[in-house]
Amino acid sequence: MLLGHLGEAGVVRHQRVQHRPTGTVRPMASSEQPGVGRITDALEALGARLGPERVQTAADVRDLHGRDESWHPPAPPDAVVFPRSTEEAVEIVRICGRYGVPIVPFGAGTSLEGHVAALSGGVSVDMREMNAILRLSVEDMDATVQAGVTRHQLDAKLRPEGVFFPVDPGADATLGGMAATGASGTTTVRYGAMRQNVLSLTVVTAGGEVVRTGSRARKSSAGYDLTRLFIGSEGTLGLITELTLRVHPTPEAMTAAVCAFPALEEAVDCVIAVLQNAIPIARIELLDETQVDAVNRHFELDHDVAPTLFLEFHGSPTVVADQAAAVEALAGELGGRGFAWAADEGERRRLWRARHGVYDACRALRPGARVFATDACVPISRLAECILQTRRDIDDSGLVAPIVGHVGDGNFHVSVVLDPDDPDELERAVAFNERLVRRAIALEGTCTGEHGVGHGKSRFLELEHGAAAVGIMRAVKSALDPDGLFNPGKVAGAARI
Ligand SMILES: Cc1cc2nc3c(=O)[nH]c(=O)nc-3n(C[C@H](O)[C@H](O)[C@H](O)COP(=O)(O)OP(=O)(O)OC[C@H]3O[C@@H](n4cnc5c(N)ncnc54)[C@H](O)[C@@H]3O)c2cc1C
């Protein structure tokens with residue numbers, strides 16, 4: 001039985017295990033709290049196995065693990081455990097299974113839809129002590145890492161070897177969390193998302209078995225694709241402990257460019273023209289006027305305050321120069337102005353630091369504000385329409401909300417900059433978000449291109465996929481996790497609308 005439910009404004013209200021102010025767990029019989037399980041017995045068994053320092057119940061630790069970077073209210077777990085190996089992960093899952101205690105996998109807590117909130121209490125499994133890079137083969141262009149490795153850590157290891165891992169969500173997430181949310185980023189238009197860049201996963205199932213979902217082969221026709229079943233499963237089907245990843249050769253040359261347009265339509269038409277001309281662009285990101293203004297202020301830049309594309313080209317020096325010239329010509333035909341490109345590494349990094357810093361730039365627009373981040377994705381031919389309607393909606397709602405997008409994928413983000421103490425503003429943002437979701441789905445798109453559904457958007461799954469498809473998702477969940485131990489209340493296990 002799930003104890004959490006969505007209130008009228010999509011706000012989570014939950015009732016669950018009570019804690020003493022000291023952070024110790026109140027002893028409690030399972031009969032007292034149906035569905036919560038025998039947490040005290042489980043913690044005793046976990047402490048005996050991992051030692052007290054790796055089973056933490058202090059309020060501040062629990063609080064940190066029950067919140068992500070979203071606007072959703074936190075829901076702390078009863079305890080946080082820190083495995084160091086797949087074997088320890090197996091024991092944690094078996095102990096939790098034995099006592100009926102929920103398990104919430106935790107990476108870096110950077111997700112945006114309430115993913116790590118422990119809606120029914122239980123144990124948060126923090127993977128950050130499983131942070132070894134186990135193997136790198138430059139010959140085969142693959143690497144095997146433990147799930148708690150972060151993308152910056154991996155990047156630092158790979159760069160000196162002349163290779164890189166392309167998936168780059170704006171935050172320094174863990175690779176396990178990135179697989180679990182089906183993450184993508186600015187280079188997805190060229191190199192693909194997590195789904196295209198994971199060869200195989202090691203997963204601990206709810207039954208405490210260790211499953212390897214694939215081999216190191218580049219492709220396989222052998223059986224159901226379990227790798228891609230677990231990618232995007234958001235901690236609801238099992239605990240990912242290791243990943244084998246595709247890596248890519250570092251391009252010989254990289255050039256960044258920036259170009260402002262008279263209006264959003266022209267900027268999006270330019271993206272469509274680039275893709276139709278098969279120019280293998282490595283990054284193509286759109287910032288609307290509000291976002292450019294925020295970035296200018298925060299990073300002391302002087303870009304034209306207009307819809308702007310940030311671009312990057314990868315290849316040999318001649319190839320990148322040819323690509324940049326071709327895009328400059330296309331942009332010129334569409335009224336693009338001030339097309340400027342920089343082969344210089346420092347300049348390129350400065351440009352992308354600004355793009356990657358949009359979240360901080362948004363927050364700086366209103367000191368003390370929180371960002372309510374949401375994303376949607378539509379077929380690229382519907383992108384201009386979707387963004388323009390969304391911009392009008394933001395303005396009509398009286399919200400402050402810059403737009404930035406991985407437009408090569410038809411994906412864009414809206415960052416509503418909110419006063420966290422103003423319930424009326426939160427209500428308007430929640431209503432706006434719902435309209436955005438419905439708009440994207442009506443335009444044959446999706447309620448989220450990359451953040452995932454957590455429990456914030458899981459109620460839209462049926463609207464997007466239909467009852468039969470969600471029925472299959474529920475059947476998969478109950479086949480793999482019949483007792484509903486893993487991350488209850490999320491994805492297909494959440495409330496319906
Ligand atoms: C500033 C900012 C920018 C962002 N930009 C992007 C972006 O461009 N693209 C994008 O895709 N996302 C983006 N995000 C969202 C976020 O970074 C991603 O969702 C990321 O993949 C989450 O990884 P994490 O390690 O923080 O996972 P967490 O937040 O800790 O967990 C996320 C989910 O994965 C599950 N999980 C975590 N680890 C495991 C594991 N080992 N096994 C099974 N389940 C697990 C959790 O239970 C939870 O459901 C951004 C977030 C911020 C704050």
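Which element gives the most to the lining of the largest pocket? Keep that question in mind as you move through this predicted model, because the tour reaches the answer at its second stop.

**First stop: the ligand**

Begin by selecting the ligand together with the residues around it, of which there are 35, with P105, G107, T110, S111 and T174 as the closest. If you colour this shell by residue class, you will find 16 nonpolar residues and 16 polar ones, together with three that are charged.

Next, show the side chain of T110, where an N or O atom is 2.7 Å from an oxygen atom of the ligand. Then turn to E234, and look this time at its backbone, since a backbone N or O atom of this residue lies 3.0 Å from an oxygen atom of the ligand. Finally, display the side chain of E450, which has an N or O atom 2.9 Å from a nitrogen atom of the ligand. With the protein surface switched on, consider that the ligand has 970 Å² of accessible area on its own, and that the protein covers 96% of this area.

**Second stop: the largest pocket**

Stay where you are, for the ligand sits in the largest pocket. Three elements give two or more residues to the shell around the ligand, and you can select them as β5 (103–106), α5 (175–181) and β12 (238–246). Of the shell, the largest share comes from α5, which supplies five residues.

Now widen the selection from the shell to the whole pocket, whose volume is about 950 Å³. Its lining is made up of 47 residues, and those nearest the centre of the pocket are T110, S111, L112, P169 and A171. The elements that give two or more residues to this lining are β5, α5, β12, α12 (345–356), α13 (358–364), β19 (403–406) and β20 (411–418). Here is the answer to the opening question: α5 gives the most to the lining of the largest pocket, with five residues. Coloured by class, the lining shows 19 nonpolar, 22 polar and six charged residues.

**Third stop: the second largest pocket**

Leave the ligand and move to the second largest pocket, which has a volume of about 780 Å³. It is lined by 39 residues, and to find its centre you can select R195, I231, G232, S233 and H465, the lining residues closest to that point. Add the helices α7 (194–197), α8 (226–230), α16 (461–465) and α17 (467–480), each of which supplies at least two residues of the lining. Which of them provides the largest share? That share, four residues, comes from α17. To finish, colour this lining by class as well, and you will see 15 nonpolar, 16 polar and eight charged residues.

How values were computed: Residues are numbered from 1 along each chain as its sequence is written. This is a predicted model: local features need pLDDT of at least 70, side-chain atom pairs count only at pLDDT 80 or more; totals for chains, interfaces and linings use all residues. Side-chain values use heavy atoms; hydrogens and water are left out. A residue is near a molecule or strand if one of its heavy atoms lies within 4 Å of it. A polar contact is a pair of N or O atoms within 3.5 Å; within protein, one must be able to donate a hydrogen and the other to accept it, and residues adjacent in sequence count only if both atoms are side-chain atoms. Accessible areas come from the Shrake-Rupley method with a 1.4 Å probe; for residues, only the protein chains shown count as cover. On a 1 Å grid over the protein atoms alone, a cavity is a set of points where a 1.4 Å probe fits but cannot get out, and a pocket is an open set with protein on both sides within 12 Å along at least five of seven lines; lining residues have an atom within 4 Å of a point. A molecule sits in a cavity or pocket if more than half of its atoms lie within 2 Å of its grid points. Ala, Val, Leu, Ile, Met, Phe, Trp, Tyr, Cys and Pro count as nonpolar, Asp, Glu, Lys and Arg as charged, and the others, Gly among them, as polar. Grid points are joined across faces, edges and corners, and a volume is the space filled by probe spheres set on the points.
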